[in-house]
Protein chains: 2
Amino acid sequence: MKQGYRLACRAKILGDIVIDVPVESQIHDQVIRKSATQLSSDFSNGAVSAVRLLTIQVEEPTLDCPTGDLERLQKSIEQESNLNDLSIEPSVLIQLQKILRKANWHVTVAIYEQSKIIAIWPGEQLSVYGLAVDIGSTTVVGHLCDLQTGKVLATHGFMNPQIRFGEDLMSRVSYSMMNPGGAQQMTDAVRQGICLMIDELLKQTQVDRDKLLEAIFVCNPVMHHLFLGIDPVELGVSPFALATQSAIALPSVNLNLNLADGAQIYLPPCIAAHVGADAAAVVLAEAPYKQDKITLIIDIGTNAEIILGNKDKLVAASSPTGPAFEGAQIEHGQRAAPGAIERVRIDAETLEPKFKIIGVEGWSTEEEFNLAVKKTPITGICGSGIIEVIASLYLAGVIKSDGLIDGEKAKSSSRIIKNGKTWAYQLVDDQYGDNSSVLITQNDVRAIQLAKATLYASIKLLMTKLNITKVERIRFAGAFGSHIDPLYAMLLGMIPDCPLDDVQSIGNAAGTGARIALSCTKARREIEVEVLALEKIETATEANFQEYFVNAMAIPHKIDEFENLSQNVQLPTQSSEDSITLSPGTRRRRSLQRRNSR
Amino acid sequence: MKQGYRLACRAKILGDIVIDVPVESQIHDQVIRKSATQLSSDFSNGAVSAVRLLTIQVEEPTLDCPTGDLERLQKSIEQESNLNDLSIEPSVLIQLQKILRKANWHVTVAIYEQSKIIAIWPGEQLSVYGLAVDIGSTTVVGHLCDLQTGKVLATHGFMNPQIRFGEDLMSRVSYSMMNPGGAQQMTDAVRQGICLMIDELLKQTQVDRDKLLEAIFVCNPVMHHLFLGIDPVELGVSPFALATQSAIALPSVNLNLNLADGAQIYLPPCIAAHVGADAAAVVLAEAPYKQDKITLIIDIGTNAEIILGNKDKLVAASSPTGPAFEGAQIEHGQRAAPGAIERVRIDAETLEPKFKIIGVEGWSTEEEFNLAVKKTPITGICGSGIIEVIASLYLAGVIKSDGLIDGEKAKSSSRIIKNGKTWAYQLVDDQYGDNSSVLITQNDVRAIQLAKATLYASIKLLMTKLNITKVERIRFAGAFGSHIDPLYAMLLGMIPDCPLDDVQSIGNAAGTGARIALSCTKARREIEVEVLALEKIETATEANFQEYFVNAMAIPHKIDEFENLSQNVQLPTQSSEDSITLSPGTRRRRSLQRRNSR
């Protein structure tokens with residue numbers, strides 16, 4: 001039995017314990033919604049990897065020419081490539097003599113950043129591999145890529161094992177503050193997880209470990225510090241100083257990772273104390289610094305990272321939205337996992353809902369759903385579901401602009417029920433089983449209002465900094481962003497008005513940025529420069545923030561503020577209705593209803 | 001009980017075993033004859049250590065200036081010293097935040113080679129320390145030095161624990177060839193020994209481990225490879241290729257040494273496959289490349305390393321003298337240890353000897369000796385003793401120029417006894433106890449003849465390479481070299497004729513070179529350049545070697561060859577005898593007799 005493993009049937013609990021149910025014993029996989037997208041051609045064309053392969057014939061030693069093997073190897077490399085003064089990883093030096101002789105002096109070397117020999121193999125070798133890893137607070141996802149082509153050969157994700165020490169970032173920082181050695185425990189946990197992931201990826205792809213020569217890690221600052229073995233305690237207290245914000249390059253041996261012996265690690269720079277190397281990777285993936293149009297990039301988690309600007313200037317901030325968007329602090333909220341409601345439509349007349357749950361294909365109104373839900377019981381509602389249910393209730397007039405659930409509606413619908421002193425909407429009742437009831441309470445609406453107001457106020461602050469009144473493009477990055485409907489987000493007032501066809505989800509852009517950095521050293525230099533140029537805004541110290549925040553509490557938001565902007569909302573043009581002049585709120589509501597009814 | 005330790009009284013031997021008696025259980029300490037000598041003023045004046053200390057005030061972070069701690073530290077360093085683009089050891093980065101805050105932002109940093117931050121402490125720190133280590137096949141000696149002053153604070157030596165795998169270099173190479181994983185065992189053994197030594201030196205000096213920032217290691221190529229974790233197998237087979245001959249600099253964490261976390265390691269370059277970084281350190285200590293006079297440096301071990309030349313040119317070779325000079329292959333030979341005869345004088349008339357043993361102060365003819373020898377019994381004869389006894393027997397006419405022990409002398413002295421078909425000299429009889437008998441046999445004389453002929457022929461070869469017929473200075477390096485009497489060595493024909501007052505022992509010059517490299521980066525660059533310029537001679541492939549070897553078998557050596565050279569022998573001028581014209585042999589013999597009678 002592996003270290004730390006116990007058989008539940010043989011173990012007796014004698015005190016407080018923390019149990020991890022290993023992935024292989026879980027009936028339902030956690031949904032790790034991070035897949036690899038195509039790299040933009042900017043980087044995939046003409047990308048030069050940090051690792052260069054060179055196949056050479058090395059001169060044999062003779063009694064009369066007693067130079068060292070390394071020196072003859074270096075001479076051959078210089079003749080072939082003009083690279084000189086190369087250093088060598090100690091772990092490669094110790095293998096050198098055996099491999100040169102085994103190969104009859106015909107070898108391939110891997111040279112890192114034109115300065116260091118990091119691997120050697122007998123004969124000709126054409127392929128080497130790298131790893132692009134996004135260490136999220138909840139999930140860690142790694143892509144094993146061909147370093148020459150940038151192609152993703154396999155992707156593997158796992159739940160961040162640090163979860164046992166705290167669900168979210170701040171509770172992990174607290175864990176470190178409260179427990180001596182706690183930071184080290186979390187460091188060990190995530191590194192061990194990554195080592196297992198590497199094993200799995202190598203198994204899947206049949207790639208030899210000694211060909212896995214590089215790994216890029218992107219992560220938020222707390223994950224960044226814990227991964228590097230730095231106690232993140234300073235990130236939990238003002239003024240939130242990072243240990244370092246610069247890009248980090250170091251041999252993998254320093255982090256006890258099980259890549260090739262001579263493998264190298266790179267982490268892009270952090271932007272600020274709450275805007276990490278993952279946000280830098282998003283910037284790299286989206287390259288707003290090359291755009292003419294004012295671009296807003298939002299990555300929503302417990303904090304939302306916000307990047308705004310264009311080729312002239314970029315500003316960035318972290319918005320402390322809290323975990324409501326992730327389903328926490330919501331009565332029946334939960335993380336995105338099988339059984340969670342992720343899509344909701346509500347009939348504006350009858351207030352009857354239809355919904356979809358993760359792990360089941362169709363809508364709840366379809367016949368197969370009743371069967372499927374027996375295998376995948378409804379367990380709660382996740383972020384995207386909450387946003388859609390609240391927006392739908394607003395569309396249906398159940399929730400007013402101030403966020404109050406209208407008790408009057410209880411007269412015409414049994415879905416609106418009394419819940420203590422306030423009202424609630426019964427999204428799911430017990431028809432699917434004893435525990436399937438999902439209620440949307442007044443508190444839930446308040447939590448989402450607070451979160452969205454925080455996000456919106458932060459964005460407004462950045463817009464003020466740039467002295468702009470509108471954004472031209474919006475990109476949602478991250479797992480959450482790739483599952484919310486931009487229209488609902490705009491309706492709810494999470495984001496400023498913007499032409500709808502330029503509001504897109506970009507999926508796991510941090511992972512994409514990591515892959516770009518992996519396959520292109522030029523991109524690394526680029527992001528290092530761009531992050532330095534980028535202006536960081538600390539929302540907490542900005543005088544206007546509170547005012548913006550209060551104004552943003554309304555749903556969708558304080559309408560009058562957006563009268564001008566909303567003229568630019570370009571609705572889908574499938575219907576002749578578009579030509580009719582509507583108030584912005586109505587236009588958006590109609591458009592949503594049209595989409596719901598499809 | 002520590003790992004690997006057993007109580008002899010509780011252990012049952014069930015098969016072949018290797019037992020190490022730990023030093024603390026040994027009644028007699030091994031004599032580790034390596035002490036620190038004064039550094040030449042060339043390097044001690046104006047030496048600039050690789051580690052620079054800088055005490056600085058670092059700007060505190062604020063909410064409005066959210067730069068990383070490292071970046072603010074770098075900024076302060078740059079303002080104070082103009083050093084920029086400094087990297088940082090990962091192990092230092094992870095301590096950074098705690099120390100900066102504990103110190104109220106007033107810290108001292110250690111900067112290595114003007115490029116890397118390798119330590120940080122709160123407040124002002126004025127002293128840091130380094131280690132200069134000579135890893136010999138038999139003994140390992142380390143000097144803990146103040147890096148600013150170069151001063152040696154403590155010295156500690158221990159038996160190289162690799163001895164359990166093989167007494168000499170080649171048997172260790174064989175062990176590696178015959179035993180998979182054998183090289184790793186030897187690597188682990190010596191590194192563990194060094195870690196214990198470091199513990200001991202820190203204890204002795206009360207220096208904090210986090211102040212021990214550098215270590216220089218000098219060693220022969222086999223020790224060099226094993227220390228670095230490189231299998232030395234190629235050093236045992238032609239063409240004896242080194243893995244690398246260049247100087248090596250790497251963080252100590254790569255070698256699992258217990259210095260400060262961010263400490264750095266440096267090994268000077270190796271000169272050739274059998275002329276290691278220890279020989280390079282000797283060259284650094286003696287700096288023959290700065291001499292006008294033709295200088296011969298010899299370091300005698302199982303191999304003798306020979307450096308010859310002056311500021312115009314240096315040549316180097318390794319001479320496979322075998323272990324006879326170290327007491328192996330000698331009937332009653334042994335390593336230098338308490339109880340070993342190390343000095344011998346023989347009365348030319350009576351053939352009665354007087355001698356000294358290691359661990360006892362006076363000569364055997366003194367009264368106290370009989371008492372002392374009860375506590376330190378005579379156990380054999382070591383290298384310096386063998387040379388003196390054979391030279392003395394030659395002076396007394398017992399051994400002829402061809403090396404034969406003259407049986408005729410048995411008629412006048414009971415010291416000359418029959419030993420099988422040949423004769424032997426009874427140096428010690430049973431008067432000091434049952435096992436105290438020490439015999440010098442014909443085979444012993446032959447073994448020494450072979451060894452000295454090899455050494456002499458190698459020197460001759462280098463002289464031929466330089467097209468010279470005389471040397472002007474001779475320096476004996478190493479433990480053995482510091483205990484032989486130059487006059488006896490010259491008489492025996494180990495070394496070419498040379499003005500006697502310019503034949504000196506320089507003690508542990510390799511250790512001295514290591515200390516120079518430790519305290520002076522300029523010296524490191526100097527030796528790296530000098531070693532590249534130095535011409536390496538492989539004696540085995542030189543056509544003349546065999547001829548020189550045969551000619552050098554005679555004692556002292558083929559006289560006629562040296563008739564001219566010997567004119568230059570400058571005898572000590574205490575006596576009027578010096579003005580009398582003597583044949584070179586007689587002159588030398590007289591001089592020795594004079595010295596003996598003092």
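Helix 11 of chain A is mostly covered, with 18 of its 24 residues buried (a residue is buried if 20 or more other C-beta atoms lie within 10 Å of its own, exposed if 12 or fewer, and partly exposed in between, with C-beta atoms placed from the backbone). The model is predicted: local features need pLDDT of at least 70, side-chain atom pairs count only at pLDDT 80 or more, and totals for chains, interfaces and linings use all residues. Residues are numbered from 1 along each chain as its sequence is written, while chains are lettered from A and ligands numbered from 1 in the order in which they are written.

**Helix 11 of chain A**

- This helix covers residues 442-465, and its end C-alpha atoms are 34 Å apart, which agrees with the 34 Å that its 24 residues should span at 1.5 Å a residue (the expected span is 1.5 Å times one less than the number of residues).
- A:Asn467, just after helix 11 of chain A, takes a positive phi of about 60°.

**Chain A as a whole**

- Chain A has 17 helices and 22 strands; both are DSSP runs numbered from the N terminus, helices being H or I with at least four residues and strands E with at least two.
- Of its 598 residues, 49% count as buried.
- Among the contacts in chain A with a separation of 6 or more, 68% are between residues 24 or more positions apart (two residues are in contact if their C-beta atoms, placed from the backbone, lie within 7 Å).
- The domain assignment gives domain 1 (29-267), domain 2 (283-320 + 450-511 + 529-567) and domain 3 (325-447); such bounds come from an automatic or database domain assignment.
- The centres of domain 1 of chain A and domain 3 of chain A, taken over C-alpha atoms, are separated by 44 Å.

**Strands 5, 6 and 7 of chain A**

- Strand 6 (residues 139-146) of chain A is mostly covered, with seven of its eight residues buried.
- Strand 5 (residues 129-135) of chain A runs antiparallel to strand 6 of chain A, and seven bridges join them (two strands pair if DSSP finds at least two bridges between them).
- A:Leu131 has A:Leu144 in strand 6 of chain A as its bridge partner, and three residues lie between the two strands of this hairpin.
- Strand 6 of chain A is also joined by seven bridges to strand 7 (residues 152-159) of chain A, again antiparallel, and A:His143 has A:Thr155 as its bridge partner in strand 7.
- The hairpin of strand 6 and strand 7 of chain A has five residues between the strands, and A:Gly150 in the turn has a positive phi of about 80°.

**A sheet in chain B**

- Three strands of chain B form an open sheet of mixed pairing in the order 15-14-16.
- Its edge strands, strand 15 (353-357) and strand 16 (380-381) of chain B, each pair on one side only.
- Strand 14 (residues 340-346) of chain B pairs with strand 15 of chain B in the antiparallel sense over five bridges, and B:Val344 has B:Phe355 as its bridge partner in strand 15.

**The two chains together**

- A turn of 180° and a shift of 0.1 Å along the axis lay chain B on chain A with an RMSD of 0.1 Å (superposed by least squares on the C-alpha atoms of residues with pLDDT of at least 70 in both).
- That is the relation of a two-fold axis.
- In chain B, the C-alpha nearest the axis belongs to B:Asn254, 4.3 Å from it.
- The contact takes 36 residues from each of chain B and chain A.
- Helix 2 of chain B gives the largest share of the side of chain B that touches chain A, three residues.
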